[in-house]
Amino acid sequence: MPKRGAVAVAAADLLSPGLPDNHRRLVEHVLAGGARLAKVKVAQLPHGVGVVASQRIRSNEEITFIPTSLLVNLHDTPIPHSSPVDHPTTVHGSLAAYIASKARDGGDSFTAILPALASFRASMPLFWSAQVLEHCSPWVRTFALKQQAKLAADYDRAQRVHGDGGDSGLRFSREEFEWGWAVVNTRTIFYRPKRWAKVPAEDCMTMCPFIDYYNHDWRSEKTCLVSFSSDGLRVTTQKSYAPGEEIFVTYGDYNNDHLLVEYGFMLPHHGLDNVNIDAWVLPKLSPAKQDILAGLSFHGYVLPSFTPPRVQKIFHTDPLSDTMVVATVPLWQFRGDDSAYILDATSPCYRTLTALRLAAVDEALLPHEGKPGGERYGDFVRLVQGETDEDDYAQKYPAAEAHMSALMDGILREVRVSATEAMAALAGLTTEPGASAAAERWRQVIAILEARPT
Ligand SMILES: C[S@@+](CC[C@H](N)C(=O)[O-])C[C@H]1O[C@@H](n2cnc3c(N)ncnc32)[C@H](O)[C@@H]1O
């Protein structure tokens, strides 16, 4: 372990001028704990604190190594195996309770660098008012409501296990727990060394001091690799860096909706951004068609389990009058293993085209009460199962393909109207936290629509 004086000198080299002193204490703490930090500096950047190169760095260099002893995970909470299997808490909830209690007791070098609750409340949709959420894009709203429910359930369980009367010794208020929960949500890393083989994936959340300074970028082939082994977590470059250049990692293959809800930020220039259009596609499908798509693994949503059932308003084309009307549709719940209907700047995804192809099939041609469907339905299934070529299907059913394209065009118009109306409503809520971010997200959605080839 390095000597205290040497640690202080080394720490000074790892901090850009002007950073508050709590960052120096954190860097000293990790160095004293055996971390290796090479050619990097913590810096205040326009979008928050992050890591920059302090000198030229080549590709394939280890720039950060944090040993296991510095990680904070389920082994550190007073009731260690807090998986729901053993105790009625989640690891997310137990870690939140643990750091909330630590911060209440005066905190340490790790909690001292964390953002305040006010910052999470301003940036994370789960903390925004119902009024603002009502005008967020449907996926953001659905996901934020699910997070609210999860936070409430985690708090309830953590209260019973760790809170007043519990024997873990942790103490926290609801607000302190909310802060801890947001910290864990935005700053943990998936860590499953071999000896954790049996630990469920959702329990492998690990807080990792210093590595949690790295910001996210979508270019996964250019960002650093974060890898784990039984001795700790390391960050390795995949490209060279000039001094002062920010060094990113990738949190996941996420669009801006997902980054907003899970991490409270969006990338202004996101090369892989897309928008989930379930809220507009699903109303085009009867329940029977949705069942068929689910059977073919082309429908990733189930009806909600929110009690009372929650609904959302979106703009939708009335087929009789061909005008836009406000439609009230249920909030869907993600089934987990299947992805959803996605639109990006180049094309709707194949899942969307498949769903709309089925939407264009006459209901009378579907299988019914043990009777097989008509020829067109059979051809549709063969197409989905890869037994028929897309061009052959289009040639055989040109009118159906035109119908599918018309449905798609209608959806694009509906998304645009929903965006315009929501932005107008959000303009009247400017003092509310989240209103400007929600409006910005709609502007990005319109940009995705406009970038599409016509
Ligand atoms: C693991 S922390 C990264 C360090 C953080 N920037 C800080 O100030 O401590 C994750 C948080 O950083 C912010 N963040 C990460 N990447 C970002 C980016 N590319 N642009 C803006 N904010 C980002 C978000 O607030 C996110 O919740």
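Modeller: Before we start, axes here are lines fitted to C-alpha atoms, and angles run from 0 to 180 degrees between N-to-C directions. Keep in mind that this is a predicted model. In it, the axes of helix α10 (residues 287-295) and helix α11 (residues 350-359) come within 10 Å and cross at roughly 140°.

Colleague: Why is α10 called oblique to α11?

Modeller: Angles over 145 count as roughly antiparallel and 65 to 115 as roughly perpendicular, with the rest, once those under 35 are set aside, as oblique. The crossing is at roughly 140°, so α10 is oblique to α11. The crossing of the two is right-handed.

Colleague: Which residues in α10 and α11 meet?

Modeller: On the α10 side they are Lys 289, Ile 292 and Leu 293, and they meet Ala 355, Leu 358 and Ala 359 in α11. By class, five residues of this contact are nonpolar, none is polar and one is charged.

Colleague: Now the open sheet. What makes β1 and β8 its edge strands?

Modeller: The four strands run in the order β1-β4-β9-β8, with antiparallel pairing. β1 (36-37) and β8 (225-229) each pair on one side only, and that makes them the edges.

Colleague: How do you know that β4 and β9 pair?

Modeller: Two strands pair if there are at least two bridges between them, and β4 (residues 62-67) and β9 (residues 232-236) have five, in the antiparallel sense. As one example, Phe 65 has Arg 234 in β9 as its bridge partner.

Colleague: And which element gives the largest share of the shell around the ligand?

Modeller: That is β3, with three residues. The shell divides into five nonpolar, seven polar and two charged residues.

Notes: Residues are numbered from 1 along each chain as its sequence is written. This is a predicted model: local features need pLDDT of at least 70, side-chain atom pairs count only at pLDDT 80 or more; totals for chains, interfaces and linings use all residues. Ala, Val, Leu, Ile, Met, Phe, Trp, Tyr, Cys and Pro count as nonpolar, Asp, Glu, Lys and Arg as charged, and the others, Gly among them, as polar. A crossing is left-handed if the near helix is turned anticlockwise from the far one by less than a right angle, and right-handed if clockwise. Two residues are in contact if their C-beta atoms, placed from the backbone, lie within 7 Å.
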